[in-house]
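Me: Please take a close look at one strand and the aromatic contacts of this model. Keep the cut-offs explicit.

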Amino acid sequence: MRFKSATWCVTDSAENHTVRKTDFIRAAAVVILAIAAGACCAQNFPSRPVRFVLSYGAPGGTPDIIARMLGAKLTDKWGRQVVIDPRPGGGGIMAAEIVASAAADGYTIFLVSPSHLINGALHARLSYDPLKSFAAVTQVADVPNILSIHPSVAARSVRELIALAKAKPGSLAYGSAGTGSSQHLSGELFKKMAGVDIVHIPYKVATAAVIDLIAGRIQIAFASNSSLPHIRAGRLAGLAVTSARRSSALPDLPTIAESGVPGYEASGWYGVLVPARTPGAIVAKLHDDIAQVLREPEIRTQLAANTIEVAVSATPGDFTAFLVKESAKWSVLVKESGARVD
């Protein structure tokens, strides 16, 4: 009985080995065919218009500027229209839901900022995962926020603003593009690190916050480039940038870190995602074509004039790693700041 049992085991193992080998060959064939199909699709991509979804699409805002410049250049390169599709709402959640559920064929691309990752920390339940539901293509830009104040505020430096805020706790209000936006958390980090009590006023878009800042209804904004023309015209006073380094567009404007809050850094950035499971060959083509467009001196100059600095990931994998790191960073900041969705 022992001999027969052993013989049966050997035979079964051989048969299983044969089955496993056959399954492996079939699986390998499927993978090879999928790769070949993806490469074929990438060669013909795009063959119809491409939709470029934005979370925030107010005219003149940073996402609008980036998307329209990049979209126009890609339209010229591809000979296919890139249709800008602003989908504001829910702090970027509506746009993310649209892209996450779109066909994974490269014809829906998504411009995101830190708020896309911040939403994952702010909301206990989302219909998508900010990382897993998307495939990373490339970062496209670095954009520092600008600590701006109304000229009536009795401060002309970050140190003077901190002193004023400490002397009158709760009397100064700052606006942002909404709860969970990079402008909001730039302000929350400033409150924490500078030890001041300033009140957050969320708006639906950054430009609305700037409008109220100009009108004097709020006193401070950690604004995007939408505040730049007003700073240059003297309607607002720019005190510092939130980035670790000075902006090439505003070289005379110091960083918050060098202005009395050592270690402060809360930069904004923008990048392109597509739905998860988009073929790797198409993701690679999107990356390479976007990178090529952003290397053009003309678009670099145009973006720099709006305090937008081109920043392209070396590969889609590099951008994936960047997103993972950023997600962890913003999650910690959300928790420490006590930020909540209204």
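Reply: The strand comes first, then the rings.

This is a predicted model, where local features need pLDDT of at least 70, side-chain atom pairs count only at pLDDT 80 or more, and totals for chains, interfaces and linings use all residues. Residues are numbered from 1 along each chain as its sequence is written, and side-chain values use heavy atoms, with hydrogens and water left out.

Take strand β4, residues 134–143. Strands are DSSP runs (E, at least two residues), numbered from the N terminus. Nine of the ten residues of β4 are buried (under 20% relative accessible area, 1.4 Å probe, protein chains only). β4 pairs with two strands; pairing needs at least two DSSP bridges. With β10 (residues 268–275), β4 runs antiparallel over eight bridges. Val143 stands opposite Gly268 there. With β11 (residues 309–310), β4 is again antiparallel, over two bridges. Asp142 faces Glu309 in that pairing.

Now the rings. The structure holds ten aromatic pairs. In one of them, the ring centres of Tyr128 and Phe134 lie 5.9 Å apart with planes at 80°, so this pair is edge-to-face. Rings of Phe, Tyr and Trp (its six-membered ring) pair if their centres lie within 6.5 Å; planes over 60 degrees apart count as edge-to-face. Tyr128 and Phe134 are both buried. Elsewhere, Tyr174, Phe190, Phe222 and Tyr264 make one aromatic cluster.

Charges also sit over rings (NZ of Lys or CZ of Arg within 6 Å of the ring centre and within 35 degrees of the ring normal). The charged end of Arg48 is 3.6 Å from the ring centre of Tyr107. For Lys329 over Trp330, the distance is 5.0 Å.

Technical notes: Phe/Tyr/Trp six-rings, centres within 6.5 Å; stacked < 30°, edge-to-face > 60°. Buried < 20%, exposed > 50% of the residue type's maximum accessible area, 1.4 Å probe, protein only. Helix = DSSP H or I, 4+ residues; strand = E, 2+ residues; numbered from the N terminus.
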